[in-house]
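This report describes how two chains are built and how they meet. The sequence and the structure come first, and the description follows.

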Amino acid sequence: MKLIKDNFWPTVIIIVAAFIVIFAFWPLENTSFADGFRTGGEIAETAEEGFGENGRLTGFAALLPMIKVAALMGIGVLFTAIGTGVARLINRFRSSPAA
Amino acid sequence: MAAIATEKPKKKRSLTQIKLYVDIFLLIGFILVNMPQSTGIPVHEWISFLFILPLILHILLDWQWVVSVTKRMFGRLPGEVRVNHILDLVIFVMMVLALFTGTIISEAALPAMGINITIDPFWQGMHDLTANLTMLLIGIHLAMHWSWIKSAFQRYVFKRNK
């Protein structure tokens, strides 16, 4: 009971925040930015035809999307590593007696 | 009395341990959700709906941190904590958008519930964009919490106490 009581309002806040995000982005549907997605291109074709079961990769090729996930997440890790390194260098420079 | 004596004492799990298990489950779910070409669209869509539960649980387990940092956001706060909080907020927005756009371009889950929607290429494009951005941001999120992940793994998975 205590668990439900403690987590009820945080859950409500999370759900309300999610709806705020959705309603904030919904008006984008009627902008020229949205129209850019609708006129031709690969996305428009995929949306029209649907992904379908035929688009599913099988065998060894089924692992390829995992490489995409790993690569994108790896770029994030790399950004952080570079950012942290730069921050450390700046801090070292700031705290050095010469500076 | 004898029954009490033979009863095995229940091992209470620490909050860190629970957080670690939820996070492992969440990461596996996240990777699976982002492989629709391998899992197929129906599995992708149903896993995405299920993914909402551990995602909310992940936020709830750190709710005290979220509340305390939000309160001090415009006051004195270490730079790393501030960056972390902003990053978490952006990840939340991206995940909500990815889930929402994924729902309104649903090809299997919603039709199975009797709801048929015409797919708008704009929402399809936004779904791809937000999903890719989320993967990038999750990489940053993992790297920023690397020391916690490492120590929790050493303690609870490899059972090594420092």
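## Chain A

Along its sequence, chain A reads α-α-α-α. That is four helices and zero strands. The model is a predicted one. Of the 99 residues in chain A, 7% are buried.

## Where the chains touch

How many residues does each chain bring to the contact? Chain B provides 34 residues and chain A provides 35 residues.

On the side of chain B that touches chain A, the elements giving two or more residues are α3 (36-39), α4 (41-61), α6 and α8 of chain B. Among these, α8(B) gives the most, with 15 residues. By residue type, this side of chain B has 23 nonpolar, eight polar and three charged residues.

## The largest nonpolar core

The largest nonpolar core holds 27 residues. Which elements give two or more residues to this core? Chain A supplies α4 (64-95), while chain B supplies α2 (15-33), α6 (79-104) and α8 (121-144). The largest share, nine residues, comes from α8(B). The helix α8(B) thus appears twice in this report: it gives the largest share of the core, and it gives the most to the side of chain B that touches chain A.

The residues with the most contacts inside the core are B:Met94, B:Met95, B:Val96, B:Leu97 and B:Ala98. One of them, B:Val96, can be followed across to the other chain. Apart from its neighbours within four places in sequence, B:Val96 is in contact with A:Ala18, A:Val21 and A:Ile22.

Note on methods. Residues are numbered from 1 along each chain as its sequence is written. Chains are lettered from A and ligands numbered from 1 in the order in which they are written. This is a predicted model: local features need pLDDT of at least 70, side-chain atom pairs count only at pLDDT 80 or more; totals for chains, interfaces and linings use all residues. A nonpolar core is a set of buried Ala, Val, Leu, Ile, Met, Phe, Trp, Tyr and Cys residues joined through C-beta atoms within 7 Å. A residue is buried if 20 or more other C-beta atoms lie within 10 Å of its own, exposed if 12 or fewer, and partly exposed in between; C-beta atoms are placed from the backbone. Two residues are in contact if their C-beta atoms, placed from the backbone, lie within 7 Å. Ala, Val, Leu, Ile, Met, Phe, Trp, Tyr, Cys and Pro count as nonpolar, Asp, Glu, Lys and Arg as charged, and the others, Gly among them, as polar.
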